[in-house]
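Dear colleague,

I am handing over the structure below, followed by a short account of what was found in it. Please read the notes alongside the coordinates.

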Amino acid sequence: MIKVAFFDAKDYDITSFNKNITPEFEFKFFETKLTTDTALLANGFDVVCVFVNDNINKDIIDILVDQGIKIVALRCAGYNNVDLKYSSGKLHILRVPAYSPYAVAEHAMALLLTSIRRIHKAYIRTRDFNFSLTELTGFDLHGKTMGVVGTGRIGRVFINICKGFGMNVIAYDKFPAKDSDINYVTLDELFEKSDIISLHCPLTDETYHLVNKDSVEKMKKGIVIINTSRGALVDSQALLQGIKSRKIGAACLDVYEEESNVFFNNFSGHIIEDDVLARLISFPNVIVTSHQAFLTAEALENIAKTTLGNITQFLKEGKCDNEVFYKSEGY
Ligand code: NAI
């Protein structure tokens with residue numbers, strides 16, 4: 001029996017993993033995140049399964065290793081939350097490299113359309129029988145220039161969606177795709193020429209605060225920034241200042257650099273401590289969703305299947321196609 005301890009388990013995780021369980025598995029779902037206080041709950045399990053905001057740092061790695069854990073199965077694609085250097089040789093880190101690029105790319109476009117066509121404002125107005133159109137003027141996407149940073153699985157789906165809208169798409173990738181019709185430019189050119197910028201690259205030392213005070217200065221007035229990748233790609237203070245100075249026209253955020261303290265939880269009856277997030281949410285031209293881009297039925301099904309497949313492959317073959325290694329993929 002392979003005993004798996006899930007941390008940060010939500011209703012939708014429990015449903016999708018239970019639906020895909022096979023006889024060799026036994027699951028225990030913990031609502032709590034994996035922290036130094038809760039890591040002891042992993043005692044007696046073979047595998048620990050975590051999500052994006054479970055921080056696998058040195059202390060947690062030590063506690064897990066002391067309890068005989070050898071496998072950490074990430075039920076997500078990004079692995080910036082793992083200290084890969086320290087875990088190397090101690091733990092095997094498995095991930096789900098792709099579960100639905102469509103889920104994330106479509107959410108990015110949903111955020112953009114909501115923002116620029118003021119759907120979030122109109123929805124609230126009409127529910128209150130306010131049918132005024134004052135201050136709801138948007139703009140056409142057709143003919144505008146979309147700058148896409150990162151042309152991997154999600155970036156490419158997003159590019160196709162944008163082309164469907166008749167947009168002119170330019171892109172930057174540190175490792176440009178060969179034999180593609182993607183119009184690659186330098187990062188500076190992308191900052192200068194884009195009307196809208198959408199981030200689809202991983203968070204690495206290099207991409208940390210890719211959108212910062214200097215890069216915002218290079219952008220067009222009224223730039224719209226979409227971030228569905230990782231919060232720390234954007235310097236939140238620079239974003240805040242850019243919005244206050246009217247340089248940034250709108251921001252569509254599914255991720256936020258300090259999200260691990262708030263996202264996935266209900267704080268509706270509480271005083272939010274994070275002043276930057278509270279200020280960002282207060283702006284009429286900022287839309288925040290709570291790391292929701294992945295959340296489709298298709299993606300959840302793929303996450304469960306791939307995570308369980310990763311674990312069985314590793315236990316049967318002593319290796320897994322989806323294991324991540326320190327520096328093997330640039331992080
Ligand atoms: P991918 O690995 O297929 O593509 C990433 C692309 O970024 C690659 O083409 C790579 O060459 C490029 N890249 C790497 N370093 C770069 C740099 N320094 N500058 C510019 N480009 C660089 O990854 P995929 O599946 O497209 O996912 C992209 C990101 O989306 C993930 O890293 C993850 O952080 C995020 N994500 C967010 C989700 C959400 O629910 N909001 C769900 C899934 C992924």
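**Annotated spans and ligand site**

Over residues 109-293 the chain is 32% helix and 15% strand, and the C-alpha atoms at the two ends of that span are 10 Å apart. Please keep in mind that this is a predicted model. The span comes from the UniProt record, an unreviewed entry, which places the feature "domain: D-isomer specific 2-hydroxyacid dehydrogenase NAD-binding" at residues 109-293. The record also lists residues 4-324 for "domain: D-isomer specific 2-hydroxyacid dehydrogenase catalytic", again as an unreviewed entry, and for residues 4-324 the computed content is 34% helix and 15% strand, with the end C-alpha atoms 19 Å apart.

Turning to the ligand, the space that the ligand takes is the largest pocket, and 22 residues surround the ligand, the closest being R153, I154, D173, T228 and D254. Sorted by class, the shell around the ligand consists of nine nonpolar, eight polar and five charged residues.

Which atoms of I154 and T228 come into polar contact with the ligand? In I154 it is a polar backbone atom, which lies 2.9 Å from an oxygen atom of the ligand, while in T228 a polar backbone atom is 2.9 Å from a nitrogen atom of the ligand. R230, by contrast, contributes a polar side-chain atom, which lies 3.3 Å from an oxygen atom of the ligand. Of the 870 Å² of accessible area that the ligand has on its own, the protein covers 87%.

With best regards

Definitions and conventions: Residues numbered from 1 in each chain as written. Predicted model: local features only at pLDDT ≥ 70, side-chain atom pairs only at ≥ 80, totals over all residues. Heavy atoms only, no water. Near = heavy atom within 4 Å. Polar contact = N/O pair within 3.5 Å; in protein donor to acceptor, adjacent residues only side chain to side chain. Areas by Shrake-Rupley, 256 points an atom, 1.4 Å probe, with all protein chains shown as cover. 1 Å grid on protein atoms, 1.4 Å probe; cavity = no way out; pocket = protein on both sides within 12 Å on 5 of 7 lines; lining within 4 Å. Sits in = over half its atoms within 2 Å of the grid points. Nonpolar A, V, L, I, M, F, W, Y, C, P; charged D, E, K, R; others polar. UniProt positions renumbered as here; feature names shortened; annotations may be inferred. Helix = DSSP H or I, 4+ residues; strand = E, 2+ residues; numbered from the N terminus.
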